[in-house]
Amino acid sequence: MKVLATYNIKGGVGKTATAVNLAYLAAAGGARTLVWDLDPQGAASFYFRVKPKVKGGSEALITGRRALDRAIKGTDYDNLDLIPADFSYRNMDLELGEAKKRTRRIDLLIRPLAKTYDYVFLDCPPSISLVSENVFRAANALLVPLIPTTLSLRTFDQLDSFLEDNPGRKKQKILAFFSMVDNRKTLHRELVEKVTADRRDVLATQIPATSDIERMGVHRQPLPAFAPKSRSGKAYAELWDEVVGRL
């Protein structure tokens, strides 16, 4: 089982779209796939048309009063399941702070699912927090969407610094990629060229800034499910192929 976390300190960079679309592509390829929506906004749950309600809330899951596999819901797609988020997830940092092995709790909860799933995607909220530290311990790879702007790249540097300062973390791969790219903009072109030349952990595939991605919220479906031949649909398929090749 591979655990892949879509993560960035910055919000609004395409983390949820990445988790939803790549999980769909993994499942469509025959892999047994689970998405755990860790964001209290519950956007991944919304896209998959799953009610954002967890019995007992995040506290029941973190404390073990409710087994994680009992929170799993089916989706409309073969091989693809979801653990939804609800607004109680806003308190998950506090609950993890009171738990035993507080930076490994999510890893310990996921581990028993190894016989059931090939991939687990963690859709993470934007922040550096105790939830983030748990994700860093649990994930085999961090999928980091980057917008080609100065502030977005600054948060990438902050992530690097945080991981370097926490040597006890799991040695996962960092797989960053550019998202919301508009090649009509000179700054976008220049930053993409510079960063991809300087860093081997930035993938070659770029996700373009298109309205198709925005329409995921209208259709409440993964993009490859309703527009697989669109420019963005093809880009996500290329991204998934590249991610699999790096794992």
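Select Val144 in strand 6 and then Ala176 in strand 7 of this predicted model, and you will have a pair of bridge partners on the screen, since Ala176 is the residue of strand 7 that partners Val144. Widen the selection to the whole of strand 7, residues 173-181, and you can follow the two strands running parallel, with six bridges joining strand 6 to strand 7.

Stay with strand 6 for a moment and colour residues 141-146. Are the residues of this strand buried or exposed? Six of the six are buried, that is, under 20% relative accessible area, so strand 6 is largely enclosed by the rest of the structure. Turning the view lets you check both faces of the strand, because Ala141, Leu143 and Pro145 are buried on one side, while Leu142, Val144 and Leu146 are buried on the other.

Next, select strand 1, residues 2-6, which pairs with strand 6 in the parallel sense over three bridges. Two places help you to see how these strands are set against each other: Leu4 stands opposite Ala141 in strand 6, and Ala5 stands opposite Leu142 in strand 6. Strand 1 is itself mostly covered, with four of its five residues buried.

Keep Leu4 selected and add Phe121, which is the bridge partner of Leu4 in strand 5. Strand 5 covers residues 119-123, and it runs parallel to strand 1, to which it is joined by five bridges. Leu4 is therefore a useful residue to centre the view on, because it stands opposite Ala141 in strand 6 and is partnered with Phe121 in strand 5.The last stop is the largest pocket, which holds about 440 Å³ of space. Of the 23 residues that line the pocket, select Gly12, Val13, Gly14, Ala17 and Met180, which are the closest to its centre. Then bring up the elements around the largest pocket, where helix 1 (15-28), helix 2 (43-47), strand 7, strand 8 (202-208) and helix 9 (211-214) each supply at least two residues of the lining. Which element gives the largest share of the lining? Helix 1 does, with three residues. If you colour the lining of the largest pocket by class, you will find 12 nonpolar, seven polar and four charged residues.

Technical notes. Residues numbered from 1 in each chain as written. Predicted model: local features only at pLDDT ≥ 70, side-chain atom pairs only at ≥ 80, totals over all residues. Heavy atoms only, no water. Buried < 20%, exposed > 50% of the residue type's maximum accessible area, 1.4 Å probe, protein only. Pairing = 2+ DSSP bridges. 1 Å grid on protein atoms, 1.4 Å probe; cavity = no way out; pocket = protein on both sides within 12 Å on 5 of 7 lines; lining within 4 Å. Points joined across faces, edges and corners; volume = space filled by probe spheres on them. Nonpolar A, V, L, I, M, F, W, Y, C, P; charged D, E, K, R; others polar.
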